[in-house]
Amino acid sequence: MGGQTQARGIEGDIVRRGDPGYESAWQGILWNGLKPPRFPEVIVRVASERDVPEAVALARSEGLRIAVRSGGHSWCGSPLRDGGMLIDLSALNRTHVDPPATATVQPAATGGALACELSRYGLAFPTGHCGSVAVGGYLLSGGLGWNSGALGPACASVRQIEAVTAAGEVVSCDEDENSDLFWAARGAGPGFFAIVTGFRLALYPRPAAIIATTYAFPLADVVPVTRWATEAATELPPTVELSFVLGTADPAMSAATPRPKVIIVAATAFADSQDEAIRSLGPLRVCPLADHAIFSQVDEPTSSEALYETSDSLWPASHRCSADTLWSGADYETLLSRLAPVVATAPSEKSLVLAPVSPVSREKTLQHEMAFSVLGDSYVVPYALWDSPAQDDANIGWLRHAMRTVKPLGTGHYIAEADLTAAPSRAHRSFSPSDWDRLGRLKARYDPEDVFFSYLGRSATWAA
């Protein structure tokens with residue numbers, strides 16, 4: 001197989017650094033066009049769940065630490081580590097629906113594929129906003145997805161996992177059995193110290209109607225627009241997902257050359273009927289700033305497929321991308337007024353700042369014992385997106401500048417999209433102090449020999 005080998009009963013491929021197939025295997029690990037220069041010694045592409053304990057045993061026998069990849073959507077490239085073994089779960093992509101209310105999903109199944117399969121049964125799940133995101137890393141990190149304002153973080157709807165521990169043991173985990181490991185699996189993200197091979201999910205009725213309202217205003221209007229929309233948001237039901245986007249106007253919004261920088265107010269309502277969805281968007285229907293808008297589209301029917309198409313256009317697979325996150329106690333007017341001048345000077349017109357208002361239900365989060373928690377009242381995510389490797393330094397520098405602009409207002413980060421290479425504090429500031437300490441104790445208990453890599457940006461030991 002062109003340098004690929006099998007060992008220890010592993011049915012999948014084992015590719016070692018220096019083998020003819022290594023470069024193509026390495027290139028395929030990350031969706032991002034920006035590939036960090038970190039190189040595993042061995043890449044094991046499992047063929048089934050049975051390969052996973054064997055791969056763990058192989059890593060232990062060779063003294064290799066383990067990183068795990070489900071779909072490769074990690075912005076900072078957490079699966080790629082120098083040395084060690086990368087266990088690639090991309091072949092584990094099956095979904096099995098058990099009507100009326102549960103499904104069993106393997107880690108490499110994508111949110112788009114899951115949503116499509118569930119729609120056949122009139123069911124839904126708070127999948128990630130990008131349809132190509134695999135559920136493995138998404139659920140392990142908490143999962144801020146579609147309709148999370150009503151349904152809570154996606155991990156709150158995980159009822160059971162199947163996992164392989166550092167000792168190579170296959171275990172089932174839920175709120176009663178191996179409950180500590182189950183707690184960590186719902187939010188620990190890329191520092192999780194086991195390999196999940198299957199998730200049991202609770203499901204919800206599929207919304208019969210999805211309606212969207214969108215306004216775009218000149219970026220100079222960031223303060224009055226943010227003030228109006230955040231006031232209106234207090235009257236929206238949790239089934240309406242409201243976000244601000246600071247960036248370049250879409251071609252459908254403006255034909256000007258160059259296209260202007262804008263602040264977009266985007267609201268998506270999920271409801272049992274079209275009339276209900278339209279009623280829920282009522283607080284946004286009358287906009288006192290309408291004469292300033294360069295684009296408006298009110299009460300427009302849409303679909304989950306169309307929502308995924310929009311996400312794909314904002315975060316195209318072929319581009320080079322970097323991102324970071326911030327929870328904050330400051331209001332959106334304060335945060336976005338600081339970030340607007342930064343967006344105005346972005347070296348790439350594709351770069352943007354996303355600011356979901358109340359991105360996840362605090363009530364649903366607090367109802368469950370899990371490592372994920374909401375660490376602030378507001379949440380922003382700057383994304384740098386560009387084409388050419390020659391522009392890497394300029395765009396990564398822009399991202400870091402954006403984060404420095406709002407850092408004094410920060411209360412934490414979201415582990416799924418935090419730039420863990422920016423500072424050693426990124427990981428532990430993605431959790432409350434008590435949750436971070438608990439994760440450290442569980443890491444020592446379940447992985448005392450540090451078989452699994454910890455978070456990027458940290459040393460081999462948890463507390464360092």
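In the account of charge that follows, Lys and Arg count as positive and Asp and Glu as negative, while His and the chain ends are left out. On that basis, the chain carries 37 positive and 51 negative side chains. The centres of these two sets lie 5 Å apart. The model described here is predicted.

The chain contains 14 helices and 20 strands. Its radius of gyration is 22 Å, close to the 23 Å that the globule rule gives for 464 residues, so the chain is as compact as a globular protein of that length. Among contacts with a separation of 6 or more, 73% are made by residues 24 or more positions apart.

The table below collects overall values for the chain.

| Property of the chain | Value |
|---|---|
| Span of the C-alpha trace along its principal axes | about 70 × 50 × 45 Å |
| Buried share of the 464 residues | 57% |
| Exposed area | about 18,000 Å² |
| Share of the exposed area from carbon and sulfur atoms | 52% |

The interior can be described through its nonpolar cores. The largest of them has 143 residues, and Trp 228 and Leu 246 are those with the most contacts inside it. What is Trp 228 in contact with, leaving aside its neighbours within four places in sequence? The residues in contact with Trp 228 are Tyr 215, Phe 217, Val 265, Leu 284, Val 286, Cys 287, Pro 288 and Leu 289. A second core, separate from the largest one, has 11 residues, including Trp 26, Ile 43, Leu 80 and Phe 453.

How values were computed
Residues numbered from 1 in each chain as written. Predicted model: local features only at pLDDT ≥ 70, side-chain atom pairs only at ≥ 80, totals over all residues. Heavy atoms only, no water. Helix = DSSP H or I, 4+ residues; strand = E, 2+ residues; numbered from the N terminus. Rg over C-alpha atoms; globule rule 2.2 N^0.38 Å. Buried < 20%, exposed > 50% of the residue type's maximum accessible area, 1.4 Å probe, protein only. Contact = heavy atoms within 4.5 Å. Areas by Shrake-Rupley, 256 points an atom, 1.4 Å probe, with all protein chains shown as cover. Charge placed at Lys NZ, Arg CZ, Asp CG, Glu CD. Core = buried A, V, L, I, M, F, W, Y, C linked by side-chain atoms within 4.5 Å.
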